[in-house]
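Hi there,

Here is the structure I promised to pass on to you. Have a look at it first, and then read on for what turned up.

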Amino acid sequence: MSLKGLVSEWEKQAQGILTKDTYNVHLTIEDAARIDALAEMYPKRTKEQLIRELLSAALNMVEESFPYVQGNRVIATDEMGDPLYEDIGPEPRFMQLLEKHLQKYQVSS
């Protein structure tokens, strides 16, 4: 979900599958004040929900920002017959690790 869509989503009761794991973090004073302000603006959302949804949106942005790095190996051709080269940038490694960790959570749920 994009950050733009996040505010409209806060107006609803969005839910997803949650892990049993928790992460304790210390926020800067400024970030804590921002969370408090958002919680007051959107009282249907708990602070924890706001933090989780903001983190999710930020992680999506990180994933989308991974640069494509063209490798030498042709993996397909497009509709015009032009070669498509493998991506040797950080995204394939991230996707591999993401799948590994998703499987871990799916087994434990």
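Which residue in S2 does Gln 70 stand opposite? The partner is Asp 87. Please keep in mind that this is a predicted model.

First, the overall layout. The chain holds 4 helices and 2 strands, and from the N terminus the order of elements is α-α-α-β-β-α. Of its 109 residues, 13% count as buried.

Now back to the strands. S1 covers residues 70–77 and S2 covers residues 83–87, and the two pair in the antiparallel sense over 4 bridges. Together they make a hairpin with 5 residues between the strands. In the turn, Gly 81 has a positive phi of about 85 degrees. The hairpin also carries a salt bridge, in which the side chains of Glu 86 and Arg 73 meet at 3.2 Å, N to O. Glu 86 belongs to strand S2 and Arg 73 to strand S1, so this pair ties together parts 13 residues apart in sequence. Arg 73 is exposed, at 52% relative accessible area.

The salt bridges come to 4 in total, and two others deserve a mention here. Asp 36 and Lys 47 meet through their side chains at 2.8 Å, N to O. Because Asp 36 sits in helix H2 and Lys 47 in helix H3, the pair ties together parts that are 11 residues apart in sequence. Asp 36 is partly exposed at 38% relative accessibility, and Lys 47 is partly exposed as well, at 40%. The side chains of Arg 45 and Glu 53 form another salt bridge, at 2.1 Å, N to O; here Arg 45 and Glu 53 are both buried.

On to the rings. A search of the whole structure gives 1 aromatic pair. Phe 66 and Phe 94 make up this pair, which is tilted, with 5.3 Å centre to centre and 55 degrees between the planes. Phe 66 lies in the loop between helix H3 and S1, whereas Phe 94 lies in helix H4, so the pair links distant parts of the chain, 28 residues apart. Phe 66 is partly exposed at 22% relative accessibility, and Phe 94 is partly exposed at 29%. Elsewhere, Lys 104 lies over the face of Tyr 105, 5.0 Å from the ring centre.

Last, the surface. Tyr 23, Val 25, Leu 27 and Ile 51 form a nonpolar patch there, with about 420 Å² of accessible area together. Val 25 is found in the loop between helix H1 and helix H2, and is exposed, with 59% relative accessible area.

Best wishes

Methods. Residues numbered from 1 in each chain as written. Predicted model: local features only at pLDDT ≥ 70, side-chain atom pairs only at ≥ 80, totals over all residues. Heavy atoms only, no water. Pairing = 2+ DSSP bridges. Patch = residues over 30% accessible without salt bridge, like charges linked within 9 Å, V, L, I, M, F, W, Y side chains within 5 Å. Areas by Shrake-Rupley, 256 points an atom, 1.4 Å probe, with all protein chains shown as cover. Buried < 20%, exposed > 50% of the residue type's maximum accessible area, 1.4 Å probe, protein only. Phe/Tyr/Trp six-rings, centres within 6.5 Å; stacked < 30°, edge-to-face > 60°. Lys NZ or Arg CZ within 6 Å of the ring centre and 35° of its normal.
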